[in-house]
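Q: I have a model open and want to learn how to read it feature by feature. Can you walk me through it?

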Amino acid sequence: MFKIGYRTIKTALGATLAIVLAQLLNLDHFPSAGIITILCIQVTQKKSLKASASRFLACLLAMGYSTLLFELVAYNPFTIGLILLMFIPTTVALKVNEGIVTSSVIILHLYSSNGITLDLLINETILIAVGIGVALVMNIYMPSVEKDLKSYQRKVEANFSAILMEIVKYVRDNDYTWNGKELTETSKWLAEAKSLAFRDVENHFLREEDYYYRYFDMREKQFEIIERILPLVTNIPSIVKQSDILANFIQELAENVHPQNTASFYLRKLDGMEQGFKEMQLPVTREEFESRAALLQLMKEMERYLLLKHSFNGRKAGMKKGG
């Protein structure tokens, strides 16, 4: 009836382990170690580390403010309010406001003691360290998302091929019976893939494994060009000799959409085709002139499309021809 995710499992195990460790260390308020662990387990390793650092610093600030004000003013609820009035703006200024909730628990521990001692402060510090430490250990394991990223890659490339083939049909035959569903799918998949790829980057401390993020960012920019091409293609007045030549080029490109990158092959071919068009007989009718002008603009957009792939530095790229 319901699905239990890996983060839920890690949170449950982490909270349990933190409480057990805190209890074995004979710490006062040992259940709070579990709360700290729950708050520190995040969706990525980098977020978990940032949250842990923020909470640890915020807790130290909370202990400092509490010791000062409880001892100088009084152990009553009004002093708690005074502490929070000073503590919260400080955490915001230091950009560690993620630790406000955790620190509030520590403040209440100190309030309930009715007398802050060095042993109590050490107890709270160890309590925080146990909670944060267990959370960091639990977040060491992050499931690989490469399989999902490769799946998105295949789906996006298949849709790119399909969209380019629809462009071919219209340029060659003025056939425009396409329902355009691939456009909606591709936009959705690119957004999801970039989000997942960014999360993957956030799970690497010692290396910037951002191949997939850069890849989907490049495809997203190419997709923007494709969206600009579509209304241009549908407004070509008539089929001319150059239409079939350009359609054959786009068809070849559609049949070779994959991660590998030698877009320079197609850029050279496109340049040669453009030079060939310039040597052809000039248009004799207004309609032919407008059609050839639209095809020239389409070629310029295809050049921008290929330049994006050409500039993509894919460490996993091979040597096949691809667009």
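The dialogue below goes from the overall fold to the cores and then to one residue.

Q: Where do I start, and what kind of secondary structure am I looking at?
A: Start with the element count, and keep in mind that this is a predicted model. The protein has 12 helices and 0 strands. Reading from the N terminus, the order is simply α-α-α-α-α-α-α-α-α-α-α-α.

Q: How do I judge whether the protein is a compact globule or more spread out?
A: Compare the radius of gyration with what the globule rule gives for the chain length. Here the radius is 30 Å, well over the 20 Å from the rule for 323 residues, so the protein is more spread out than a compact globule. The box around the C-alpha atoms, taken along the principal axes, is roughly 95 × 40 × 35 Å.

Q: What percentage of the residues is buried?
A: Buried residues account for 44% of the 323. As for the surface, the protein exposes about 16,800 Å², with 61% of that supplied by carbon and sulfur atoms.

Q: And how are the contacts spread along the sequence?
A: Look at sequence separation. Of the contacts between residues at least 6 apart in sequence, 79% join residues at least 24 apart.

Q: Which residues have the most contacts inside the largest nonpolar core?
A: Think of a core as buried nonpolar residues linked through their side chains. The largest one has 51 residues, and Phe216, Leu298, Tyr305 and Leu306 have the most contacts inside it. Helices α7 (146-173), α8 (181-201), α9 (211-234), α10 (241-254), α11 (263-279) and α12 (286-311) each supply at least two of its residues. The most comes from α9, with 12 residues. Apart from this core lies another, of 31 residues, including Ile36, Ala62, Phe87 and Ile128.

Q: What does Phe216 touch, once I skip its neighbours within four places in sequence?
A: Phe216 is in contact with Leu149, Tyr152, Gln153, Val156, Leu190, Ala193 and Lys194.

Q: How many charged side chains are there, positive and negative?
A: Count both signs, then check where each set is centred. The protein has 36 positive and 34 negative side chains, and the centres of the two sets lie 3 Å apart.

Q: Let's try a single residue: why does Ser264 count as partly exposed?
A: The partly exposed class runs between 20% and 50% relative accessible area. Ser264 has 22% relative accessibility, so it falls in that class. Ser264 sits in helix α11. Its C-alpha atom is separated by 40 Å from that of Tyr141, and the two residues are 123 apart along the chain.

Terms used: Residues are numbered from 1 along each chain as its sequence is written. This is a predicted model: local features need pLDDT of at least 70, side-chain atom pairs count only at pLDDT 80 or more; totals for chains, interfaces and linings use all residues. Side-chain values use heavy atoms; hydrogens and water are left out. A nonpolar core is a set of buried Ala, Val, Leu, Ile, Met, Phe, Trp, Tyr and Cys residues joined through side-chain atoms within 4.5 Å. Buried means under 20% relative accessible area, exposed over 50%, partly exposed in between (1.4 Å probe, protein chains only). Helices (H or I, at least four residues) and strands (E, at least two) are DSSP runs, numbered from the N terminus. Contact means heavy atoms within 4.5 Å. The radius of gyration is taken over C-alpha atoms; the globule rule is 2.2 Å times the number of residues to the power 0.38. Accessible areas come from the Shrake-Rupley method with a 1.4 Å probe; for residues, only the protein chains shown count as cover. Lys and Arg count as positive and Asp and Glu as negative; His and the chain ends are not counted. The place of a charge is taken as NZ of Lys, CZ of Arg, CG of Asp or CD of Glu.
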